[in-house]
Amino acid sequence: MRKLFRYAGKYKVYLFLAPILIIGEVVMETFIPQLIAQLINMISQAEETAIDMGEMLKLGGLMVLMAFLSLGFGAGSARCASVGAMGFSRNLRRVLFDKVQHFSFKNIDKFSTASLVTRLTTDVNLTQNMLMMLVRMAFRSPVMFIMAFYWAWRLNPSLITILLVAVPILFIGMGTITRLAYPRFRALMTKYDGMNSAVQENLTGIRVVKAFVREAFEKSKFAKTADDLMDAQRRAEKVVILNAPLMQILMNGCIVAVLWLGGKQIAVGSMELGDLTAFITYITQILMSLMMLSFIFVSYVMSKASTARILEVLEEEPDIESPENAKTEVKDGSIVFEHVDFSYTGAEDRAVLKDINVSIRSGETIGLIGATGSGKSSLISLIPRLYDVTAGRVLVGGRDVREYDTAVLRDAVSVVLQKNVLFSGSIKDNLRWGNENATDEEITAACKVAQADDFVRSFPGGYDMDLGQGGVNVSGGQKQRLCIARALLKSPKVMILDDATSAVDTATDARIREALRTQMPDTTKIIIAQRITSVKDADRIIVLDEGRITDIGTHEELMQRSEIYKDVYQSQQKGGDE
Amino acid sequence: MPPARNMRPVAKPKDLKGTIRRMFSYVGKDRYKLIAVLVCIAVSAVISALGTYMLKDIIDSYIRPLIGQDSPDFSGLAYILSVLALMYLTSAAATYINNRLTMKISTGTMNRIRKELFDHMQSLPLSFFDSHTHGELMSRFTNDTDTLREFLSQSLPQTVSSVITLTSTLVGMLRLSWLLTIILFALLPINLVVISAIGKRSGRYFAAQQKAVGEVNGYIEEMMAGQRVVKVFNHEEKAQQEFDERNERLREAGTQANTLASILMPIMANLGNIQYVIIAIIGAALLTHSNLIASVGSLVAFMQFARNFSMPITQLSQQFNTILLAMAGAERVFEIMDLPPETDEGYVQLVNAKREPDGSLTESETRTGLWAWKHPHSADGSVTYTELKGDVVFEDVTFGYVPEKTVLHDISLYARPGEKIAFVGSTGAGKTTITNLINRFYEIQGGKIRYDGINIGKIKKDDLRRSLGMVLQDTHLFTGTVRDNIRYGKLDATDEEIERAAKIANADFFIRHLPEGYDTMLTNDGANLSQGQRQLLAIARAAVADPPVLILDEATSSIDTRTEALIEKGMDGLMKGRTVFVIAHRLSTVRNSQAIMVLENGRIIERGDHEALIAQKGRYYQLYTGMFELS
C-alpha cells in the first residue's frame, strides 16, 4: 500500500486532509459526552436546588454548536476521502494501463489477458475502497481511543482500572479470532473462485455437455464444488461470529463494573451521577475504537493480495525497450536471420526455432509453409521484434532489430496477425489505426488492394458503418481483408501475412496477392499459409518443420526435392481435378 | 468495504410477497432453526432495552438513596447489578446461538439454491444459453445468491431485531414519560426527510457511477484482448488517451456517489446529538417545573433511550433497500428455475444388443459393439428391437431459431449407413443447424427426421445424443488433465482406450511431448494449447466414445492438411460401416465424401459426390475453382 501511495499525485492533499478533519470530528464527538455529563449533573441536583435554566440553555447551545462542528468536520472528511480515494484509483488505473501499453508480447504472455483485466478492475477497486477506509478509520480509531481515554481519566482515574482488565481480553479475543479467521477466509476466496470457474466452464462447454449427455456428471461435479464452498464458508464464519458475543460481554461487563464501582463512589460523594453516564459512553467509545482498529487490520491484510497483484504489474520490467540513440530509419525491407534460436521461456530444451539462417532481399515475396506448431508464427514475430531472439540475430534493413526504436521498426514492418482483432468503432476508425492521418483516398486505395472496397461500399453507411465490439458485424473473410487493408495503410517496408487469408476464397486470395505485387513492388512480403495455392507463386518458399528450415526454393524446385512440401501439396490435391 | 451497498439503485421486485414466501421454502428443514433464531433475537433485543430501563431503578432506588449515608449498604446494588450481569450474559449467549444458527441456515439455503439452479440449468434447452450472456448467468450464481445470503444472514435478523428494539424502546420510553416520547416523535420526521433525500440523490449518483464503471471496464477488456494489435500498430498513445477520458469520467461520478454515501453517518449521528440536547433541556425543565417526570433516574434512562432510538430507524430504512435488492435478485434466480426444461417425450431407448442364432436381436448387458433401439409399443405392450445402423432421413424439414426467421427450408436428405455425408456452404447457410437438429439441440418446426426409420421425436434425447459422436465447431476443453478431457467421451474408458483414441486423432504425438504427457493439466479452456492441438483433443474425445454416428463440424479447420489426411485415415478405420457427417469450409476436407450437399440460404442447391458435382459445373464447381467465395 505504501508503495502504491505515491501514485496519489495531486490527490495526496485530500488524503492528508481527510484524517485531519476526522481528528476534528472525533474531538467534538468525544467532547459531547462531557457536556452531557454536566447536563445530567445539573439535572441530578434538581431535587435539591432549582435548575438554572439559563446555564442549561447555554450548555445546550454549546452542545448544538459542537454537533454542527462535528457534522462539518465529518462531512468535510467524507468529501476529502472520496475525492482522494477516487483520484488515487484513477491515477492507479492510469499508470497500470500505461504500463501495459509498454509491455512486450512476452510480458503479456506472462500475465493472461483475463488476469490483466482483473488487476485493472477488481483489484484497483478493492485497493481504492481499502484506502478510503484507511484514511477515514485508521486515524479515527486511535484518536478516538486517546481522546476518550483522556476524558475518562479526567472524570475518574480510579475507574480506568476496569479497562486494564477489558482491553487485554479484547486484544487476546480479537487477535485469536483474526488469526484463526484469516486463513479460513483465504480458503473461502479460493473456493469461491472455484465455483465461479466451474459455472463459467459449464456455460462455455454446454454444447459439449449436452452432446455427450454428461448433465448428470456435471451436476455431481458442481454439487461437490458447491458443498466445498459451503463448508469453507461455514469454517470461516464459525470463527467470525464469536466477535459479536465477545464484544457484548466486554461492553456490558464494563457497564456493570462502572455502575458498581461508580455507584459506590457516588454514594460516598466522590463522583457525580452525570460523570457516571459519561464514563459509560467513554468506555464504549474506547472499546469500539479498538474493535475498529482490529477490523481495519484484518481488511488491510486481506487487501494485501490485491495490492501485491497490482504491484506485480507495475514492477514488471518491459523486456523489450528501444535502446538509447536508437536508429529512427529503416533503410529497406531486407531481412536476415543469422543462427537464430528462439524459445518462449528462454529454456534451451523447449526451443521453438533452431538455427534459422535465411536472407531475404528487399521487395521479395516469401512463402512460409509448415505443419501446425512448426514455428511459423514464432519466426515472423521476431521481425518486428515482438519477441527477442534467444540466440543469434535478426537484421532488418541491414541492422539488428534491437538497434531500432521499436515504434519505427513496427511502423516499417506491418504484421497481419493470425488472431485478428477489430475494435468497436466505424470501419474508417479501425483502418486509421494503420495511419491516423490517412485521407479518404488512401483508405479506399488500401481497401482496393485488400479487395475490401467492394463489400465495404455495399454496407449501409459504407466506411462509416459501426463494427461493434470485436468486429462482430462482418464475416470472417471480410474481417481478414479489413485487417490487411489496415496493415497496408502503414505503407510498410515489410508486410507479413500470418495465415491472414484463410477464410478468403482462392480467387480473391489470388487477387490480393496480385495487387500486392503490382502496387507494392518494393515492399518485402512474407506470406504464411496452409493452402499451397497461396504461396505457390512466391519468389521463394521456406519449408519449416519442427522449428528448423528444411528447404528453401521455388514451387517447382520444392516439388522436386522436398518430401514434406510434396506431401502437403498432395494432401490438398487428392481426388482433385488432375 | 463496498460503499453502502444498500444505496445502489434498486431494481424493484415484481412480486415481493410471493418471492419472500418462495425464498423461505428453500430454508426447508431449517425452518425450526429459523424460529429459534427469532426467539434468540427477541431475547437479546428485549434484554438490551430492559437493561437501559433498569438504569432508572439502579439510579433512583439503589444509588441515590445511598448518597450521604454514613455506612451505605451496597448489598442491594450488588444484587441488582448481578441480575443485570446475568441478563447480559444470557443476551450474549442468545446472540451467539443466533449467529451460529443463522450461519447454518444461510449457507445451507444458498447451497440448496445454487445446486437447484445449476441442476435446472443443465436441463434447459440450448436456445436458453443462446439468449443469455455468460456474464449474466454467472451473476445469478454470485451476485444474486450473495445478496440473498446477505438477506438471510444480516438483513432479516437485523430487521427483526430493529423492530423489536424499536417496540421495546418505545414501551420503555412511554412508561418513563409519554410527554417526552411525543416530543421525540415530533422531531423524527427530520431524520426521515434527511435519509430519504440523501438516499434518492445517491441512488442517482450510484447509477451514474455504475455506468462509468461499465465503460471503463469494457474499454479495459477490449484493449487488453487486443493488446497485441495495439502494439503492432504503435497505437499505445491513442489508447491511453481514450482510456484517460473514460477514467476521468469514472473519477467524477465515483467521487460524488461516495461522498454522499459516507456523509450519511456523521449527519445521522449529529442529528441524534441535537435531538438529545433538546430532550435533555425540555426534560430538565419538566423535571423542575412540573411533575410530569417522576425522577432524575427516569430522565437519565429516557435520555439513554432517546440516544438509541434513532439507530434502529436508520437501520430499518437502510434494510428496506437491501431487502428489495435481495428479493429482486431472488426473482432473477427463480425466473431461471421456472423456465420449462428441455422437453423429452421420447420412449425409445438405445441398448446394447446381441444377435441370437435365429438372426433376431435381443438386449445385452455388456457392450457388444452392436446397438439396438428398444421400442416399446403401448398398444399391445410388446417390445421390438431395431438395429442401430445410422440411417438418417430428413423429410421436408423446416426450421428457424426464432419463429420469424426460417433458417432451413424444406430440407430433404438421406444418409445411408457407412456413408460419409458432407455439407458445404457459406457461414449462415445452415450447415451447423442441420446437425443441431439431428441431435435435437433444437426442435424442428416442420417436416420429419427419421433415424433408422424411427421418428427422432420418439427417441429419448439422452439415448439419441449418446448414439451421435460430435466434434463441435468451438472446441471446448475442461479443467483437468489431458486424459480426463479425452475420457469425457466415455467416462469408464481405460487408459489404453484413451491412448488408442489419441492415436487415431493423431494427438498422441503432441500429448507425449507435453510436460506431463497425458497427465498435463489443462486450465482456462486449454489456453496453453494451440487451436490445432485443441481440435486434435476434441477429435480424440469423440473417438473414445466410439459412436455409431459421428458428426464433425469444422473439426479440422485449424489443422494443417497433411495431419488432417492422417486423421481422416484413422477415423475412416474407426467409422467403417458407420455414418459420418462432415461440415467444412475447406473443400479438401469433404472431397472424398459419398455425398456432398451444397447449402445456400437454408436450401440444398446441389448434391452428389465430388466428380458428379464438378461435372455439374454449378456452385460447387465455382467454389472448387475459386470463382466463388465462401464467407
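How many Å separate the centres of domain 1 of chain A and domain 2 of chain A? Taken over C-alpha atoms, the separation is 53 Å. Keep in mind on this tour that the model is predicted.

**Stop 1: chain A as a whole**

Select chain A and hide the rest. Colour residues 1-143 together with 301-319, which make up domain 1, and then give another colour to residues 335-573, which make up domain 2. Switch to a cartoon view; chain A has 20 helices and ten strands. Turn the chain along its principal axes, where its C-alpha atoms fill a box of roughly 120 × 55 × 50 Å. The radius of gyration of chain A is 36 Å, whereas a compact globule of 578 residues would have one near 25 Å.

**Stop 2: two helices inside chain A**

Stay with chain A and select residues 12-44, helix α2, and residues 273-315, helix α10. Their axes come within 6 Å and cross at roughly 155°. Angles over 145 degrees count as roughly antiparallel, and α2(A) and α10(A) are therefore roughly antiparallel to each other. As α2(A) passes α10(A), the crossing is right-handed.

Now show side chains at the contact. On α2(A), pick out residues including T30(A), P33(A), I36(A), A37(A), I40(A) and S44(A). On α10(A), the residues that take part include L273(A), G274(A), D275(A), A278(A), Y282(A) and Q285(A). Colour this contact of α2(A) with α10(A) by class, and you will find eight nonpolar, nine polar and one charged residue.

**Stop 3: chain B as a whole**

Hide chain A and select chain B. Three domains are assigned here: domain 1 covers 5-177 + 294-337, domain 2 covers 349-387 and domain 3 covers 392-624. The centres of domain 1 and domain 3 of chain B, taken over C-alpha atoms, are 57 Å apart. In the cartoon view, look for 19 helices and 16 strands in chain B. Chain B has a radius of gyration of 36 Å, and the globule rule gives 25 Å for 631 residues, so chain B is more spread out than a compact globule. The C-alpha trace of chain B spans about 120 × 70 × 50 Å along its principal axes.

**Stop 4: where the chains meet**

Bring back both chains. How many residues of chain A are in contact with chain B? There are 125 of them, and they meet 120 residues of chain B. Select residues 53-101 of chain A: this is helix α3, which supplies 25 residues, the largest share of the side of chain A that touches chain B. That side of chain A divides into 62 nonpolar, 38 polar and 25 charged residues.

**Stop 5: α8 of chain A against α3 of chain B**

Select residues 215-240 of chain A, helix α8, and residues 75-122 of chain B, helix α3. The two axes come within 10 Å and cross at roughly 165°. That angle makes α8(A) roughly antiparallel to α3(B). The crossing is right-handed. From α8(A), the residues in contact include E215(A), K219(A), F222(A), D227(A), M230(A) and R234(A). From α3(B), they include M103(B), N111(B), R114(B), K115(B), F118(B) and D119(B). The contact of α8(A) with α3(B) has six nonpolar, four polar and ten charged residues.

**Stop 6: α5 of chain A against α6 of chain B**

For the last pair, select residues 113-155 of chain A, helix α5, and residues 178-225 of chain B, helix α6. Here the axes come within 9 Å and cross at roughly 150°. α5(A) and α6(B) are therefore roughly antiparallel to each other, and their crossing is right-handed. Show T113(A), L116(A), V117(A), L120(A) and T121(A) on α5(A). They meet N217(B), I220(B), E221(B), M224(B) and A225(B) on α6(B). By class, this contact of α5(A) with α6(B) holds six nonpolar, three polar and one charged residue.

Note on methods
Residues numbered from 1 in each chain as written. Chains lettered and ligands numbered in written order. Predicted model: local features only at pLDDT ≥ 70, side-chain atom pairs only at ≥ 80, totals over all residues. Domains from an automatic or database assignment. Contact = placed C-beta atoms within 7 Å. Helix = DSSP H or I, 4+ residues; strand = E, 2+ residues; numbered from the N terminus. Nonpolar A, V, L, I, M, F, W, Y, C, P; charged D, E, K, R; others polar. Axes fitted to C-alpha atoms, helices over the stretch in contact; angles between N-to-C directions. Parallel < 35°, antiparallel > 145°, perpendicular 65-115°, else oblique. Left-handed = near helix turned anticlockwise from the far one by under 90°. Rg over C-alpha atoms; globule rule 2.2 N^0.38 Å.
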